[in-house]
Amino acid sequence: SSKVYITADNGVFLNSDGGIVWSYLKLPLRRTENSPVRAVGLGDQGKTLYVGVANTVYKSTNQGQAWQVTAIATDAAINYILVDFTVPSVAYIGLTKARY
């Protein structure tokens, strides 16, 4: 795939033209969520995007146009997302003590 996703303190960005134009992907953040985006993962050969903010996972199957949101019952922050390439419906998250 020629798509590149990056995370920054203010969100997720998508590029598909070799780094010339970046698109901002708007996340449906809760009002109380002012944490930086720390994790991104791709699954299903780039068709599924996972993003971690604080203790919440955002999943999109249409390049960030719509999101499924799942909060995890923890006070830790999601720092890593790894999608199983053999079973793309399975994603693993890495947590660290929350500092947000």
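1. Lys97, at 58% relative accessibility, counts as exposed, since the threshold for that label is over 50%. The model is a predicted one, and the value is to be read as computed from its coordinates. The side chain of Lys97 meets that of Asp75 in a salt bridge, with 3.1 Å from N to O, and the total for the structure comes to one salt bridge.

2. As for where the two partners sit, Lys97 belongs to strand β9 (residues 91-97), whereas Asp75 lies in the loop between β7 (68-71) and β8 (76-83), so the salt bridge ties together parts that are 22 residues apart in sequence.

3. At the other end of the chain, β1, β2 and β3 form an open sheet of three strands, in the order β1-β2-β3 and with antiparallel pairing. Its edge strands are β1 (4-8) and β3 (22-25), each of which pairs on one side only. Neighbouring strands in this sheet are turned against each other by 30° on average, with direction ignored.

4. The pairing of β1 with β2 (residues 11-15) is antiparallel and runs over five bridges. Within this pair, Ile6 stands opposite Phe13 in β2, and Ala8 stands opposite Gly11 in β2. The connection from β1 to β2 is a hairpin through two residues.

5. On the other side, β2 pairs with β3, again in the antiparallel sense, over four bridges, and here Val12 stands opposite Leu25 in β3. These two strands also form a hairpin, with six residues between them, and Gly18 in the turn has a positive phi of about 80°.

6. Is β2 enclosed by the rest of the structure or open, and why? Five of the five residues of β2 are buried, so this strand is largely enclosed by the rest of the structure; buried here means under 20% relative accessible area.

7. Ser16, which is found in the loop between β2 and β3, counts as partly exposed at 46% relative accessibility. Setting aside residues up to four places away in sequence, Ser16 touches Ser2 and Lys3. The C-alpha atoms of Ser16 and Ser2 are separated by 5.5 Å, although the two residues are 14 apart along the chain.

8. The largest nonpolar core has 11 residues in all: Tyr5, Val12, Leu14, Leu25, Leu27, Val37, Leu49, Val51, Val53, Tyr58 and Trp67. Both β2 and β5 (48-53) supply at least two residues each to this core, and the largest share, three residues, comes from β5. Apart from this core lies another one, of six residues, among them Tyr50, Ile78, Ile81 and Val83.

9. Tyr5, a member of the largest nonpolar core, deserves a separate entry for its contacts. Not counting residues up to four places away in sequence, Tyr5 touches Val12, Phe13, Leu14, Leu25, Val40, Leu42, Leu49 and Gln63. Val12, Leu14, Leu25 and Leu49 from that list are also members of the largest nonpolar core.

Methods:
Residues numbered from 1 in each chain as written. Predicted model: local features only at pLDDT ≥ 70, side-chain atom pairs only at ≥ 80, totals over all residues. Heavy atoms only, no water. Pairing = 2+ DSSP bridges. Axes fitted to C-alpha atoms, helices over the stretch in contact; angles between N-to-C directions. Core = buried A, V, L, I, M, F, W, Y, C linked by side-chain atoms within 4.5 Å. Buried < 20%, exposed > 50% of the residue type's maximum accessible area, 1.4 Å probe, protein only. Contact = heavy atoms within 4.5 Å. Salt bridge = Lys/Arg side-chain N within 4 Å of Asp/Glu carboxyl O.
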